[in-house]
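Subject: Structure handover and notes

Dear colleague,

Here is the structure I said I would pass on. Please look it over before reading the notes underneath.

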Amino acid sequence: MASGTIIELTSGVSPSCPYYLGDGIAGWLPEHLRRHDFDELYLVTSDALYTRFGKDLARGLGGDGIPVNVLTVPEGERAKGWPQLTDLCERLVAAGVTKDSVIAALGGGMVSNVVGLAAGLIYRGVRFVEIPTTMLNLTDGTLSNKQAINGALGKNQFGMYHAPLFIWADVAYLRGEPTRQHRSAIAEAVKNGLVHDAAWFERLERLLTPGLEAVREDLLGFCHEVVRSKLGILALDPGERRAGIILEYGHTVGHAVEFLTGGRLLHGEAVGVGMCAAARVAMKLGIAGPDVLERQQYVLRDRLGGTVRLPDELTAEQIVEVIRRDNKRRSGAAIRFVLVPAVGSVHVVDGDWETPVPETLLKSVLSEG
């Protein structure tokens with residue numbers, strides 16, 4: 001696909017927004033911004049990303065006559081909390097943001113979440129644009145209206161649904177991203193196949209290598225495929241209230257592991273560990289045979305070069321304690337899991353896509369690693 005070509009999609013959730021995907025499309029951003037009336041643009045990014053991408057982007061926007069104000073925030077999972085959120089809100093107000101402004105988030109999931117939540121809170125809602133700079137945020141994180149920060153006791157405990165004006169997904173920003181970060185993003189793509197699309201999972205079985213050579217050769221085409229794999233699931237439940245929960249496969253344990261390691265394990269790495277834990281739970285319950293776990297591990301560990309086992313320093317009790325405070329926890333004592341009986345499908349009973357799991361069984365699985 002030619003550089004500069006823009007693929008126009010929608011975010012797939014409700015309310016939906018335009019999703020513009022391309023390679024080297026920064027020069028077309030002013031034209032798309034001008035489709036909306038606004039007084040000023042507030043570009044929020046990190047110091048490192050401002051040096052790499054933000055300075056040129058701001059210069060290009062300014063040269064096109066768009067008034068740009070730049071603010072920077074810290075990066076990393078540890079910076080995704082109340083101090084950073086309140087500081088950004090106050091700084092945006094002090095800088096002159098109005099109800100007629102647009103705030104742009106240039107960065108990965110942490111920047112995107114904090115900026116999106118700040119935009120939702122200021123004046124009860126200011127418009128914002130997502131400009132992802134990581135594969136995970138481009139192919140997964142931006143495809144939801146969820147904006148959240150972490151609490152002292154768990155991940156993404158405080159937030160809201162606030163849809164962006166549009167998503168500007170330029171894969172040119174991904175080329176300098178470390179291979180490990182790409183592997184983390186692709187773990188979510190593997191999940192999409194496991195819960196919904198066996199053919200997509202099989203394609204990843206053939207395509208992936210630890211060095212990600214085929215991915216790098218056609219970065220735009222691959223990212224387009226990953227996005228489509230998630231949009232296929234979102235089409236089942238655009239409000240993410242029922243069937244959409246299958247996107248949380250591996251996240252029950254994964255979020256706990258990510259939180260407890262303080263981000264030392266990347267999101268996709270933690271979710272990969274969580275998916276394998278979920279497969280072991282399904283085996284213990286007699287819902288799945290060993291083939292699901294074996295194929296997951298083969299793709300995640302052998303083909304992708306990722307991790308599939310819990311960190312040695314974490315105990316089953318620690319993980320379960322965090323799970324008890326999971327942001328998707330429903331009423332009742334039971335811990336609930338999305339479980340996969342066979343690649344491409346989810347275990348459903350009486351219209352419920354989650355399965356209650358006895359705490360003793362879960363601890364047994366986690367103790368085994």
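The notes below go from the whole chain to one cavity and then to single residues.

This is a predicted model, in which local features need pLDDT of at least 70 and side-chain atom pairs count only at pLDDT 80 or more, while totals for chains, interfaces and linings use all residues. Residues are numbered from 1 along each chain as its sequence is written, and side-chain values use heavy atoms, with hydrogens and water left out.

Overall

The protein has 14 helices and 11 strands; these are DSSP runs, with helices being H or I of at least four residues and strands E of at least two, numbered from the N terminus. Its radius of gyration is 20 Å, close to the 21 Å given by the globule rule for 369 residues, so the protein is as compact as a globular protein of that length. That radius is taken over C-alpha atoms, and the rule is 2.2 Å times the number of residues to the power 0.38. The C-alpha trace spans about 60 × 40 × 40 Å along its principal axes.

Of the 369 residues, 55% are buried (under 20% relative accessible area; exposed is over 50%, and partly exposed lies in between, with a 1.4 Å probe and protein chains only). The exposed surface of the protein comes to about 14500 Å², of which carbon and sulfur atoms supply 51%. Accessible areas come from the Shrake-Rupley method with a 1.4 Å probe, and for residues only the protein chains shown count as cover. Among contacts between residues at least 6 apart in sequence, 75% join residues at least 24 apart; a contact means heavy atoms within 4.5 Å.

The second largest cavity

The count comes to 5 cavities of 30 Å³ or more. A cavity here is a set of points, on a 1 Å grid over the protein atoms alone, where a 1.4 Å probe fits but cannot get out, and lining residues have an atom within 4 Å of a point. Grid points are joined across faces, edges and corners, and a volume is the space filled by probe spheres set on the points.

The second largest cavity holds about 80 Å³ of space. Its lining is made up of Arg183, Ser184, Ala187, Gly268, Glu269, Gly272, Leu300, Leu304, Gly306 and Thr307. Helix 6 (179–196) and helix 11 (267–284) are the elements that give two or more residues to this lining. By class, the lining residues are 3 nonpolar, 5 polar and 2 charged (Ala, Val, Leu, Ile, Met, Phe, Trp, Tyr, Cys and Pro count as nonpolar, Asp, Glu, Lys and Arg as charged, and the others, Gly among them, as polar).

Helix 11

Glu269, one of the lining residues, is in helix 11 and is buried at 15% relative accessibility. Beyond its neighbours within four places in sequence, Glu269 contacts Arg180, Ser184, Arg264 and Thr307. Ser184 and Thr307 also appear in the cavity lining.

Arg280 is in helix 11 too, and at 12% relative accessibility it counts as buried. Leaving out residues up to four places away in sequence, Arg280 touches Leu293, Gln297, Val308, Arg309, Val365 and Gly369. The C-alpha atoms of Arg280 and Gly369 are 9.9 Å apart, with these positions 89 residues apart in sequence terms.

Backbone points to check

Most residues other than glycine have a negative phi, and most peptide bonds are trans. The bond joining Ser14 and Pro15 is cis, with omega about 0°; Pro15 is in the loop between strand 1 (6–10) and strand 2 (18–22).

Leu212 has a positive phi, near 55°. Leu212 is in the loop between helix 7 and helix 8 (213–217) and is buried, with a relative accessible area of 1%. Asp350 also has a positive phi, about 55°, although it is not a glycine. Asp350 lies in the loop between strand 10 (335–337) and strand 11 (355–357) and is exposed at 80% relative accessibility.

Two other residues

Thr142 is in the loop between helix 5 (135–141) and strand 7 (146–149) and is buried at 0% relative accessibility. Apart from residues up to four places away in sequence, Thr142 touches Tyr19, Glu130, Pro132, Asn137 and Ile167.

Ala199, in helix 7 (residues 198–207), is exposed at 51% relative accessibility. Its C-alpha atom is separated by 7.9 Å from that of Gly344, 145 residues apart along the chain.

Regards

Technical notes. On a 1 Å grid over the protein atoms alone, a cavity is a set of points where a 1.4 Å probe fits but cannot get out, and a pocket is an open set with protein on both sides within 12 Å along at least five of seven lines; lining residues have an atom within 4 Å of a point.
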